[in-house]
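Welcome! Here is a short guided tour for anyone meeting this structure for the first time. Have a look at the model, then read on.

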Amino acid sequence: MVTTRRTTGASSTPTATAKRSSRGGSDSTSKASQPASLTEQFVSRHTNLKPRSWKTATPEEKRLKLRAIKKDYIILACLLVAGSTYAFKRFRPESAPAPALEPHPLGVWVIPLAFFNLVMMAGSQYCDVALVPPPHLDDYRCQVCKPFGHIVFLTFQLLTICTAYSTFSFLAEASRYLGYSGLTPLLQLSYQVAPVISGFGQTLTLLFLKFCWFEETYQRVAVEPLRKSAPFAVFCMLYSHLTTMPCMLVDYLFIKDRVLLQALHPSLSGLAAIIVSYAAFYFLWVHMNHAINGGHYPYPFLYHFSPVGWVMFFFGIVIFLLSLLATQYALYNATMFIAG
């Protein structure tokens with residue numbers, strides 16, 4: 001009996017070992033056969049691309065880049081005509097309080113300050129669109145831009161909004177200083193949308209730093225190739241994203257007349273409605289473009305999200321923007337108290 005037990009134990013040990021080894025082998029095989037995540041596929045596909053510059057880009061890549069820019073401004077021209085028509089009909093002087101227009105506290109200096117803001121914002125958009133080299137044909141950005149151009153990128157949208165706003169703001173302040181009496185629609189519009197546009201400008205800078213510049217995947221697929229071939233393009237990338245926050249804060253806190261801004265400042269519910277509407281529009285826009293362009297998102301970090309993650313990200317952005325506007329308004333009240 002003892003011998004039998006020993007023999008059985010000895011014989012069972014290799015069997016158990018074989019079973020465990022076979023089970024471990026099958027586990028390792030199943031793990032090896034599992035498909036890579038979207039992020040891993042994305043990184044492996046783009047880290048092997050050669051460095052890119054305008055000189056090394058092929059004619060086809062340059063042609064696609066110029067076609068995307070053309071689509072951008074055709075769409076923007078249509079939106080500008082439609083939006084301006086609606087805005088000038090909606091925001092009439094008689095539909096809002098009409099405070100007495102006193103001379104601007106900064107006097108004539110408000111004009112060069114507003115013009116400086118306009119130049120900075122126009123330069124940001126030019127750097128973002130024209131100076132960044134065309135992507136490879138296999139690059140995700142090339143696929144993203146095919147249906148509608150660069151307008152799918154949040155950077156392009158917010159830079160365009162901030163640049164158009166800076167233009168309207170400069171023209172409004174210049175016309176006010178040059179003697180146009182009354183609350184003109186352009187002046188009223190530039191003051192009523194000032195809090196939202198300022199919030200957009202700050203959001204662009206903060207989101208870029210959090211989800212792009214300090215994100216490993218973005219550094220590997222977008223920044224490192226540019227550092228090797230076109231270092232100036234990295235400067236353009238930083239310039240176009242980092243200027244919106246200070247420029248929009250300067251406009252909101254210093255260029256805008258405090259008395260007029262206080263009279264025309266929209267309500268918190270109005271600000272919340274604008275933010276939620278724009279966030280919903282952009283999320284739907286990204287997913288529509290994703291369905292059309294073959295499954296590509298405009299930013300690498302978006303590949304991480306599950307459906308629940310998308311919902312959480314949406315509400316997180318809305319809450320973040322509302323908090324930012326509340327902080328901005330508190331800062332504005334503090335500057336009013338200090339001034340006077």
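## A walk through the model

The side chains of Gln219 and Arg227 are joined by a polar contact of 3.4 Å. (A polar contact is a pair of N or O atoms within 3.5 Å; within protein, one must be able to donate a hydrogen and the other to accept it, and residues adjacent in sequence count only if both atoms are side-chain atoms.) Before going further, please note that this is a predicted model, where local features need pLDDT of at least 70 and side-chain atom pairs count only at pLDDT 80 or more, while totals for chains, interfaces and linings use all residues. Residues are numbered from 1 along each chain as its sequence is written, and side-chain values use heavy atoms, with hydrogens and water left out.

Gln219 belongs to helix 9 (residues 216-229); helices (H or I, at least four residues) and strands (E, at least two) are DSSP runs, numbered from the N terminus. With a relative accessible area of 15%, Gln219 is buried, where buried means under 20% relative accessible area, exposed over 50% and partly exposed in between (1.4 Å probe, protein chains only). Leaving aside residues up to four places away in sequence, Gln219 touches Cys212, Trp213, Glu224, Pro225 and Arg227; contact here means heavy atoms within 4.5 Å.

A second glutamine, Gln202, sits in helix 8. What does Gln202 touch, not counting residues up to four places away in sequence? Its partners are Met245, Leu249, Leu324 and Gln328. The C-alpha atoms of Gln202 and Leu249 are 7.8 Å apart, although 47 residues separate them along the chain. Gln202 also has a polar contact of 3.1 Å with Ser198, side chain to side chain.

Here are four buried residues side by side.

| Residue | Relative accessibility | Status |
|---|---|---|
| Gln202 | 5% | buried |
| Cys212 | 5% | buried |
| Gln219 | 15% | buried |
| Cys236 | 0% | buried |

Now for the whole chain. The secondary structure comes to 14 helices and zero strands. Of its 340 residues, 44% count as buried. Contacts between residues 24 or more positions apart make up 85% of those with a separation of 6 or more.

Two helices deserve a closer look. Helix 6 (residues 154-177) has 24 residues, which should span 34 Å at 1.5 Å a residue, and its end C-alpha atoms are indeed 34 Å apart; the expected span is 1.5 Å times one less than the number of residues. Because 18 of those 24 residues are buried, helix 6 is largely enclosed by the rest of the structure. Helix 4 (residues 110-131) should span 32 Å with its 22 residues, and its ends lie 30 Å apart, which agrees. Its buried residues include Ala114, Leu118 and Cys127.

The largest nonpolar core has 67 residues, and Tyr218, Tyr299 and Leu302 have the most contacts inside it. (Such a core is a set of buried Ala, Val, Leu, Ile, Met, Phe, Trp, Tyr and Cys residues joined through side-chain atoms within 4.5 Å.) Helix 8 (residues 194-213) supplies the largest share of this core, 10 residues. Another core, of six residues, lies apart from it, with Ala114, Leu118, Phe170 and Ile255 among them.

Finally, the cysteines: the whole structure has zero disulfides, a disulfide being a pair of cysteine sulfur atoms within 2.5 Å. For Cys236, the nearest cysteine sulfur is that of Cys127, 4.0 Å away.
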